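Biologist: Thanks for sitting down with me; could you walk me through this one, starting from the overall picture and ending with the details?

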Amino acid sequence: MTEFEKLMLEQMGDIKNSIGDFKNSMSEVKTSISEINSRLDKIESDIENVKGDIEEIKGDIENVKGDIENVKGDIEEIKGDIENVKSDIENVKSDIEEIKEETKITRYATNHNGEKLEEMATYLQDAGIITMN
C-alpha cells in the first residue's frame, strides 16, 4: 500500500471516528430535546391547570361580590328596620307620656269624685236619708 493510500485510510478512519462522535453527540442532543419536550409538556399541563384554577377563582370572586351586594342590601334593610323601631319607640314613649297624663287626670277626677261622694254621704247622713255603719 502506498503512502497516499495509508494516509487516506487514516483520514477515513478519523472521519469515521468523527462521524461516530457526531452520531453520539446527536443522540445526546436528541435525548436532551426529548427531556426538554417532556418538561415543556408538563409546563403546558401546569399552565392549563393554573388557567382552570384562575377561572374557578374568578367564579368565586363573582360569587363573593354577589354575596357582598346581598349583605349591603340586608344592611340597608336593617337600617330601615332600625329607623322604624326608633320611630316606634318614640311613639311608645309619647303614648306612655300621654297615659301618664291621663292617669294623673283620672286619679285627680277619682279623688275629686271620692271627696264629693263622701261629702254627699255625710250630707245625706246628716239629713237622715241614709245611715252608715
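The conversation below goes from the overall fold to single side chains.

Modeller: Happy to help, and please keep in mind that this is a predicted model.

Biologist: Good to know. How many helices and strands make up the secondary structure of the protein?

Modeller: Helix H1 covers residues 3-126. The protein has 133 residues. Its secondary structure comes to one helix and zero strands.

Biologist: And what radius of gyration does the protein have, set against a compact globule of 133 residues?

Modeller: Let's begin with the C-alpha trace, which spans about 180 × 25 × 15 Å along the principal axes. A compact globule of 133 residues would have a radius of gyration near 14 Å. The protein, in contrast, has 55 Å.

Biologist: Could you give me a pair of residues to picture that? How far apart in space are Ser-18 and Glu-102?

Modeller: Ser-18 has its place in helix H1, and this residue is partly exposed, with a relative accessible area of 46%. In sequence, Ser-18 and Glu-102 are 84 residues apart. From C-alpha to C-alpha, their separation in space is 122 Å.

Biologist: What percentage of the residues count as buried?

Modeller: The protein exposes about 12,200 Å², and carbon and sulfur atoms supply 57% of that area. To count as buried, a residue must have under 20% relative accessible area. Of the 133 residues, the share that does so is 1%.

Biologist: Which residues form a nonpolar patch on the surface?

Modeller: Take Met-26 as a way in: this residue lies in helix H1. Met-26 has a relative accessible area of 40%, so it is partly exposed. Together, the patch members have about 370 Å² of accessible area. They are Phe-22, Met-26, Val-29 and Ile-33.

Biologist: Now to the charges. How far apart are the mean positions of the positive and negative charges?

Modeller: The protein carries 17 positive and 34 negative charges. Taking the mean position of each set, the distance between the two is 6 Å.

Biologist: The structure holds 11 salt bridges. Which residue forms a salt bridge with Lys-42?

Modeller: Lys-42 counts as exposed, at 52% relative accessibility. Its partner is four residues away in helix H1, so the two are separated by about one helical turn. The closest N and O atoms are 3.2 Å apart, and the partner is Asp-46.

Biologist: Is that partner, Asp-46, exposed or partly exposed?

Modeller: The class "exposed" asks for over 50% relative accessible area. Asp-46 has 32% relative accessibility, so this residue counts as partly exposed.

Biologist: What is the N to O distance in the salt bridge of Glu-83 and Lys-86?

Modeller: Glu-83 and Lys-86 are three residues apart in helix H1, which means a separation of about one helical turn. Glu-83 counts as partly exposed at 47% relative accessibility, and Lys-86 counts as partly exposed at 47% too. Their side chains meet in a salt bridge with an N to O distance of 3.7 Å.

Biologist: One last pair, then. How far apart are the closest N and O atoms of Glu-97 and Lys-100?

Modeller: Both residues lie in helix H1, three residues apart, about one turn of the helix. Glu-97 is partly exposed at 46% relative accessibility, and Lys-100 is partly exposed with a relative accessible area of 46%. A salt bridge joins Glu-97 and Lys-100, and the closest N and O atoms are separated by 3.5 Å.

Terms used:
Residues are numbered from 1 along each chain as its sequence is written. This is a predicted model: local features need pLDDT of at least 70, side-chain atom pairs count only at pLDDT 80 or more; totals for chains, interfaces and linings use all residues. Side-chain values use heavy atoms; hydrogens and water are left out. Patches are made of residues with over 30% relative accessible area and no salt bridge: like charges are joined within 9 Å, nonpolar side chains (Val, Leu, Ile, Met, Phe, Trp, Tyr) within 5 Å. Accessible areas come from the Shrake-Rupley method with a 1.4 Å probe; for residues, only the protein chains shown count as cover. A salt bridge is a side-chain nitrogen of Lys or Arg within 4 Å of a carboxyl oxygen of Asp or Glu. Buried means under 20% relative accessible area, exposed over 50%, partly exposed in between (1.4 Å probe, protein chains only). The radius of gyration is taken over C-alpha atoms; the globule rule is 2.2 Å times the number of residues to the power 0.38. Lys and Arg count as positive and Asp and Glu as negative; His and the chain ends are not counted. The place of a charge is taken as NZ of Lys, CZ of Arg, CG of Asp or CD of Glu.
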